[in-house]
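Student: Before we look at any particular element, could we agree to test each structural term against its criterion?
Tutor: Let us do that, one term at a time.

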Amino acid sequence: MRAGMWMVGGMGLGVGLMYWSDPRSGRRRRKVTQDKFRHALHETQLAAGVVARDIVHRSRGFLFETASRFRREEVDDKTIEARVRAALGRVCSHPNALEVSVHLGRVRLDGVILKAEHSKLLSRLRHVHGVLDVLDNLEVHARPGSHPKLQTGPVTGDRPEFLQRNWSPAARFIGGLGGGSLLTWGLWRRGLPGMLSTVLGSLLTLRSITNIELKRLTGVGGERLAIELHKDIIVHAPVEEVFGFWRAMENFPRFMSHVEEVRTSGEDRSHWRVRGPAGITFAWDALITRLIPHQVLAWKSVNGSSVEHAGTIHFEPTQDGRSTRLDIRMTYTPPAGALGHVFARLLGADPKKQMDDDLLRFKSLLETGKATGRESVSREQLPPPVPLRPGPRSVH
């Protein structure tokens, strides 16, 4: 067993030396690696500074808050009212349905509230610093639809740090330390406890690094759109020409490097073939969900697709009418959720960089008739604007 491991290690060392000392590309590879190492070191130093400042500020805030509870302080009614209103948003889903008045440190509450939030709200306000008493004059309702002011509004709640959607730098640092410890212990421990510790440590570490919720990270019970891409760009071409080019989706492979083919069938349906990491090809069907000529184009993949994908583009002509401003938002959920996105990046596939490169090729194609780094295309080969009915319309 040891001999086999030594042999594999020696082969790996030999391959690595050949890779770095290659007379043709070795120098460039070493230079690129050095630049990446310096960049990673710089980013690590910045992250360490952010974490240190966050921990210091939170520690100071905790010490001051603790000290203030043991110090008698005269607080005016306006300050108490501001503190009470700040606390409402943490425990009440409809703070606008409540009226707050303060007199000599005594808080009076009027309005309507849900029964599930009533006792929690009173308990929270009684612990607000400076509040002497709470006069409950609220109208309690069991269901949200029983009163007009309780129709809408998400239940926010005062969630603990590690249950929030976005973790603070300090929480990410602590979570990463805990995840790394569990992962290390699990790798050395055998049996079911070691396996569970390894899985839990890996998820906690990835959660800390990416700052993405676990349901989005794994794609299990998460939201439809795990990865979001947003880009603004100005193309020096009339809005009719730019919109017509995007509307003809068969043009996408001409500037999108990862799109192999887009075939349209009918007015609103298309079939996509996209090359993913490691040469894996994915295919799905998409539908146009919104279409306003020369203004908005939106599409999304049909239900059950292997890669859930959606895109929305807003077209806006500049003041002189010679150029077009595009606001492009694309979202997708790869297999295994955002976790698949992480592994794709490890394989060298960075969707954000691909989007930047693709849009530069698109801009070059419309402005000069040649997509940078791609096959040359004359402007006469570009499709004319798609004939559209007069007036805006929407497809749902």
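Tutor: We start with pairing, since two strands count as a pair if DSSP finds at least two bridges between them. Please also keep in mind that this is a predicted model.

Student: What makes β5 and β6 a pair of strands?
Tutor: The criterion asks for at least two bridges, and β5 and strand β6 (residues 269-275) have six in the antiparallel sense, so the pair qualifies. One position to look at is Thr 264, which stands opposite Ser 270 in β6.

Student: Which residue takes a positive phi in the hairpin of β5 and β6?
Tutor: That residue is Gly 266, with a phi near 85°, in a hairpin that has three residues between its strands.

Student: Why are β4 and β5 said to stand at the edges?
Tutor: The order of the open, seven-stranded sheet is β4-β10-β9-β8-β7-β6-β5, with antiparallel pairing. β4 (227-235) and β5 (259-265) each have a single partner strand, so one side of each is left without a neighbour in the sheet, and that places both at the edges. From one strand to the next, the twist averages 20°.

Student: How do you know that β4 is joined to β10?
Tutor: Nine bridges link β4 with strand β10 (residues 324-333), the two running antiparallel, and since the threshold is at least two bridges, the pairing holds. Within this pair, Glu 228 has Thr 331 of β10 as its bridge partner.

Student: Why is the pairing in the sheet β1-β2-β3 called mixed?
Tutor: In this open sheet of three strands, given in the order β1-β2-β3 with mixed pairing, β1 and strand β2 (residues 106-114) run antiparallel and are joined by six bridges, whereas β2 and β3 run parallel and are joined by nine. Both senses are thus present, which is what the word mixed records. In the antiparallel pair, Val 100 has Leu 109 as its bridge partner and Glu 99 stands opposite Asp 110, while in the parallel pair Arg 106 stands opposite Asp 133 in β3.

Student: What takes a positive phi in the hairpin of β1 and β2?
Tutor: Leu 104 does, with a value near 55°, and this hairpin has two residues between the strands.

Student: Where does α4 lie in relation to the strands?
Tutor: Helix α4 lies across β1, β2 and β3, and its direction makes about 165° with that of β2.

Student: How are two packed helices described?
Tutor: The description uses the angle between their axes and the distance between those axes. For helix α3 (residues 77-91) and helix α4 (residues 115-126), the angle is about 145° and the axes are 10 Å apart. The contact involves, among others, Val 84 and Leu 88 of α3 and Leu 121 and Leu 125 of α4. The crossing of α3 past α4 is right-handed.

Student: What makes the meeting of Arg 38 and Asp 35 a salt bridge?
Tutor: The test is a side-chain nitrogen of Lys or Arg within 4 Å of a carboxyl oxygen of Asp or Glu. Here the N to O distance is 3.4 Å, so the pair passes that cut-off. Both residues belong to helix α2 (residues 26-69), where they are three residues apart, about one turn of the helix. The structure holds 12 salt bridges.

Student: Which residues make the nonpolar surface patch?
Tutor: Ile 55, Phe 162, Phe 173, Ile 174 and Leu 177 make this patch of about 460 Å². For membership, a residue must have over 30% relative accessible area and no salt bridge, and nonpolar side chains are joined within 5 Å. Helix α5 (residues 169-188) gives the largest share, three residues, and Ile 174 has its place in that helix.

Definitions and conventions: Residues are numbered from 1 along each chain as its sequence is written. This is a predicted model: local features need pLDDT of at least 70, side-chain atom pairs count only at pLDDT 80 or more; totals for chains, interfaces and linings use all residues. Side-chain values use heavy atoms; hydrogens and water are left out. Helices (H or I, at least four residues) and strands (E, at least two) are DSSP runs, numbered from the N terminus. Axes are lines fitted to C-alpha atoms, for helices over the stretch in contact, and angles run from 0 to 180 degrees between N-to-C directions. Patches are made of residues with over 30% relative accessible area and no salt bridge: like charges are joined within 9 Å, nonpolar side chains (Val, Leu, Ile, Met, Phe, Trp, Tyr) within 5 Å. Accessible areas come from the Shrake-Rupley method with a 1.4 Å probe; for residues, only the protein chains shown count as cover. A crossing is left-handed if the near helix is turned anticlockwise from the far one by less than a right angle, and right-handed if clockwise. Contact means heavy atoms within 4.5 Å.
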